[in-house]
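I opened the model to go through its features one by one. These are my notes, kept in the order in which I looked things up.

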Amino acid sequence: MPTPPADVPVNATGQLVMTVLTSCALLAVWFSGWRMSRSKGTPAPLVLLAGSLLAGCIEPMYCIAFHLWYYVP
C-alpha cells in the first residue's frame with residue numbers, strides 16, 4: 001500500500017501562489033454566480049455553486065481513501 005511522501009519538503013512559494021490564485025478564482029466564481037442569480041431572479045446559480053463547492057471539499061477524502069498520490073520521486 002503506498003504511503004504519502006511525508007519526508008519531501010513543501011515549496012512555500014508555490015503553495016502561496018496556488019493558494020492566492022485559487023482564492024481569487026473562487027471569489028470570481030462566487031461573484032459571477034451572485035450576479036447571475038440577481039439578474040435571472042432565481043437562486044439556482046448559487047445553489048449550483050454551493051453544490052460544486054461541497055463536491056470540492058469532499059474530493060480530497062476520495063483521494064486519501066483510494067491512495068491517489070500525485071508525486072513521483
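I began just past the end of H1. The residue that follows this helix is Gly41, and its phi is positive, near 75 degrees. I note here that the model is predicted, and I read every value below with that in mind.

Next I went to the other end of H1. Asn11 caps the N-terminal end there, with a side-chain oxygen 3.1 Å from the backbone nitrogen of Thr13.

I then checked the length of H1. The helix covers residues 12–40. Its 29 residues, at 1.5 Å a residue, should span 42 Å, and I find the end C-alpha atoms 42 Å apart, so the two values agree.

For the overall fold I looked up the secondary structure. The protein has 2 helices and 0 strands.

What share of the 73 residues counts as buried? I get 7%. The accessible surface of the protein is about 6,300 Å², and carbon and sulfur atoms account for 73% of that area.

Ser37 was my next entry. This residue sits in helix H1. Is Ser37 buried or exposed? Its relative accessible area is 10%, and under 20% counts as buried, so Ser37 is buried. I also looked for a partner of its side chain, and the side chain of Ser37 reaches the backbone oxygen of Thr42 at 2.7 Å. As for distances along the chain, Ser37 and Val47 are 10 residues apart, and their C-alpha atoms are separated by 9.5 Å.

I turned to the nonpolar surface. Which residues make the nonpolar surface patch? I list Trp30, Phe31, Trp34 and Leu46, with a patch area of about 390 Å². Helix H1 gives the largest share of this patch, 3 residues.

From the patch I picked Trp30 for a separate check. Trp30 lies in helix H1. Its relative accessibility is 46%, which falls between the 20% and 50% cut-offs, so I put Trp30 down as partly exposed. I also took a C-alpha to C-alpha distance from Trp30 to Pro45: the two are 15 residues apart in sequence and 9.4 Å apart in space.

Ser32 got the same kind of entry. I find Ser32 in helix H1, and at 40% relative accessibility this residue counts as partly exposed. How far apart are the C-alpha atoms of Ser32 and Leu49? They are separated by 9.9 Å, with the two positions 17 residues apart along the chain as the sequence offset.

My last look was at the cysteines. How many disulfides are there? A disulfide needs a pair of cysteine sulfur atoms within 2.5 Å, and by this rule I count 0 disulfides. I recorded the exposure of two cysteines as well. Cys24 is partly exposed, with a relative accessible area of 47%. Cys57, at 59%, lies over the 50% cut-off, so I entered Cys57 as exposed.

To close the page, I put the entries on H1 side by side. The helix has Asn11 as its N-terminal cap and is followed by Gly41. Within H1, Ser37 is buried, whereas Trp30 and Ser32 are partly exposed.

Notes. Residues numbered from 1 in each chain as written. Predicted model: local features only at pLDDT ≥ 70, side-chain atom pairs only at ≥ 80, totals over all residues. Heavy atoms only, no water. Buried < 20%, exposed > 50% of the residue type's maximum accessible area, 1.4 Å probe, protein only. Helix = DSSP H or I, 4+ residues; strand = E, 2+ residues; numbered from the N terminus. Areas by Shrake-Rupley, 256 points an atom, 1.4 Å probe, with all protein chains shown as cover. Patch = residues over 30% accessible without salt bridge, like charges linked within 9 Å, V, L, I, M, F, W, Y side chains within 5 Å. Salt bridge = Lys/Arg side-chain N within 4 Å of Asp/Glu carboxyl O. Expected span 1.5 Å × (residues − 1). Polar contact = N/O pair within 3.5 Å; in protein donor to acceptor, adjacent residues only side chain to side chain.
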